[in-house]
Amino acid sequence: GTDMREGISHALRRPRPADTIVVVTDCETPWPETRPNAHVVVAAIGATKEHLTAIPPWATVIEVTV
């Protein structure tokens, strides 16, 4: 899967850092170990229960069923 740590880190390094980051993923990814300095919303598409439980508690999760 895509490494969301890199994507979130990149969004925070922009000239105007993001206030909110929306991640659309199947959740098969490593997550940052610490809370980013932005609100993170995860649109979990077709994620398994195992992958959903791996999402850090600081993220807002929206389950998308297909």
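**Note on the structure**

1. Arginine 5 is partly exposed, with a relative accessible area of 38%, where buried means under 20% relative accessible area, exposed means over 50%, and partly exposed lies in between (1.4 Å probe, protein chains only). Accessible areas come from the Shrake-Rupley method with a 1.4 Å probe, and for residues only the protein chains shown count as cover. The side chain of arginine 5 meets that of aspartate 3 in a salt bridge, with an N to O distance of 2.8 Å, the term standing for a side-chain nitrogen of Lys or Arg within 4 Å of a carboxyl oxygen of Asp or Glu. Aspartate 3 is likewise partly exposed, at a relative accessible area of 23%, and the count of salt bridges by this rule comes to one.

2. Some care is needed with the basis of these values: the model is predicted, so that local features need pLDDT of at least 70 and side-chain atom pairs count only at pLDDT 80 or more, whereas totals for chains, interfaces and linings use all residues. Residues are numbered from 1 along each chain as its sequence is written, and side-chain values use heavy atoms, with hydrogens and water left out.

3. Helices (H or I, at least four residues) and strands (E, at least two) are DSSP runs numbered from the N terminus, and two strands are said to pair if DSSP finds at least two bridges between them. On that basis, strand E1 (20-25) and strand E2 (39-45) pair in the parallel sense over six bridges, while E2 and strand E3 (60-64) pair in the parallel sense over five bridges. In the first of these pairings, valine 24 stands opposite alanine 43, and valine 22 has valine 41 as its bridge partner.

4. Valine 41, placed in E2, also stands opposite threonine 60 in E3, and with a relative accessible area of 15% valine 41 is buried. Leaving aside neighbours within four places in sequence, the contacts of valine 41 (heavy atoms within 4.5 Å) are Thr20, Ile21, Val22, Val23, Thr60 and Ile62. The C-alpha atoms of valine 41 and valine 24 are 8.5 Å apart, with their positions 17 residues apart in sequence. E2 is largely enclosed by the rest of the structure, because five of its seven residues are buried.

5. E1 has two faces, a covered one with Ile21, Val23 and Thr25, and an uncovered one with Thr20, Val22 and Val24. On the covered face, threonine 25 is buried at 8% relative accessible area and, not counting residues up to four places away in sequence, touches Met4, Trp31, Val42, Ala43, Ala44 and Ile45.

6. A nonpolar core is a set of buried Ala, Val, Leu, Ile, Met, Phe, Trp, Tyr and Cys residues joined through side-chain atoms within 4.5 Å. The largest such core has 16 residues, and those with the most contacts inside it are Ile21, Val23, Trp31, Val40, Val42, Ile55 and Ala59. Helix H1 (4-13), E1 and E2 each supply at least two residues of this core. Beyond its neighbours within four places in sequence, tryptophan 31 is in contact with Met4, Arg5, Val23, Thr25, Val42, Ala54, Ile55 and Pro56, so the list includes the salt-bridge partner Arg5.

7. Val22, Val24, Ile45, Ile62, Val64 and Val66 make a nonpolar surface patch of about 550 Å². Patches are made of residues with over 30% relative accessible area and no salt bridge, like charges being joined within 9 Å and nonpolar side chains (Val, Leu, Ile, Met, Phe, Trp, Tyr) within 5 Å. E1 and E3 each supply at least two residues of this patch. Valine 64, found in E3, is partly exposed at a relative accessible area of 31%.

8. Two residues of the loop between E1 and E2 deserve a separate remark. Cysteine 27, which lies in that loop, counts as buried at 1% relative accessibility, and its phi is near 75°, a positive value in a residue other than glycine. Most residues other than glycine have a negative phi. Threonine 34 lies in the loop between E1 and E2 as well, but threonine 34 is exposed, with a relative accessible area of 59%. The C-alpha atoms of threonine 34 and alanine 59 are separated by 11 Å, the two residues being 25 residues apart along the chain.
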